[in-house]
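Q: Please take a close look at one strand of this model and at what surrounds it, and then follow the neighbouring parts outward as far as the computed values allow.

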Amino acid sequence: MSSVDVINIEGNKAGSVELPDSVFDVQANIPLMHQVVVAQLAAARQGTHKAKTRGEVAGGGKKPYKQKGTGRARQGSIRAPQFTGGGVVHGPVPRDYSQRTPKKMKAAALRGALSDRAREGRVHVVEAFVSGDKPSTKAAIATLRKATESTKVLVVLSSADEINWLSLRNEATVHLLEAGQLNTYDVLVADEVVFTKEALDEFLGTPATAEGENK
């Protein structure tokens, strides 16, 4: 197992936690991660695009000119696709872009993404971003910058961590996620991943092994 330091609000080491190899040190399967990311982005598409066919465009009920004798090609409606303002042939219609992705594939892709970040030393753990019961963006950013100076940071919080969430939600350089929402795309698009100790425990399902914690 690899270990990372736990940073307290003052920016000092408050202990360390072990990152299990089964999650943070596995072989990254790039084609698998690509497939999962494409599926996630596809599921986010609304799919509400729509173009009108010749039968849906208003007007065009009258034959524009008689069938014979004009020397022109016969026409039945000025809303035919070849006319300006006419319908669209084979245009987009509402559809569902989502792809079926098995849970085991999603989990394996996430482990590969986290392992890639961990091997490069881009996974960090903090005790908390603010102290007390009052949110403070200024204090939270100060704590975050002691862990990383990156401008694209994924911060993972526990589901019940309202104080830290309120403190960081307006910071443009930070993307917030609950531990249960952690996914491959958000890990890969961020330069650094920062867990709170509580969020790491929630994500792993069991308390992370700690060493040398200050009591």
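A: In this predicted model, strand β4 (residues 153-157) runs parallel to β6, and the two pair over four bridges. Within that pairing, Leu 154 stands opposite Val 193 of β6. Strand β3 (residues 123-126) also pairs with β6 in the parallel sense, again over four bridges, and here Val 125 has Phe 195 as its bridge partner in β6.

The burial of β6 (residues 192-196) fits with these pairings as part of one picture. Five of its five residues are buried, so the strand is largely enclosed by the rest of the structure. The cover extends to both faces, since Glu 192, Val 194 and Thr 196 on one side are buried, as are Val 193 and Phe 195 on the other.

From β6 one can move to helix α3, because β6 and β3 are among the elements that cover the buried residues of this helix, a group that also includes α1 (21-24), α2 (30-43), α6 (184-189) and α7 (197-204). The buried residues in question are Ala 109, Leu 110, Gly 112, Ala 113, Leu 114, Ser 115, Arg 117 and Ala 118. As for its geometry, α3 (residues 103-119) has 17 residues, which at 1.5 Å a residue should span 24 Å, and the C-alpha atoms at its ends are 24 Å apart, in agreement with that expectation. Just after the helix, Gly 121 adopts a positive phi of about 70°.

The cover that α2 provides can be followed through a single residue, Leu 32, which has its place in that helix. With a relative accessibility of 15%, Leu 32 falls under the 20% cut-off and therefore counts as buried. Apart from its neighbours within four places in sequence, Leu 32 is in contact with Met 105, Ala 108 and Ala 109. Of these contacts, Met 105 lies 73 residues from Leu 32 in sequence, yet their C-alpha atoms are 7.3 Å apart in space.

Helices α2 and α3 appear once more at the largest pocket, whose volume is about 270 Å³. Among the 15 residues lining this pocket, Val 36, Gln 40, Thr 101, Lys 106 and Asn 183 are the closest to its centre, and α2 and α3 are the elements that give two or more residues to the lining. Sorted by class, the lining of the largest pocket comprises six nonpolar, seven polar and two charged residues.

How values were computed:
Residues are numbered from 1 along each chain as its sequence is written. This is a predicted model: local features need pLDDT of at least 70, side-chain atom pairs count only at pLDDT 80 or more; totals for chains, interfaces and linings use all residues. Side-chain values use heavy atoms; hydrogens and water are left out. Buried means under 20% relative accessible area, exposed over 50%, partly exposed in between (1.4 Å probe, protein chains only). Two strands pair if DSSP finds at least two bridges between them. The expected span of a helix is 1.5 Å times one less than its number of residues. Contact means heavy atoms within 4.5 Å. On a 1 Å grid over the protein atoms alone, a cavity is a set of points where a 1.4 Å probe fits but cannot get out, and a pocket is an open set with protein on both sides within 12 Å along at least five of seven lines; lining residues have an atom within 4 Å of a point. Grid points are joined across faces, edges and corners, and a volume is the space filled by probe spheres set on the points. Ala, Val, Leu, Ile, Met, Phe, Trp, Tyr, Cys and Pro count as nonpolar, Asp, Glu, Lys and Arg as charged, and the others, Gly among them, as polar.
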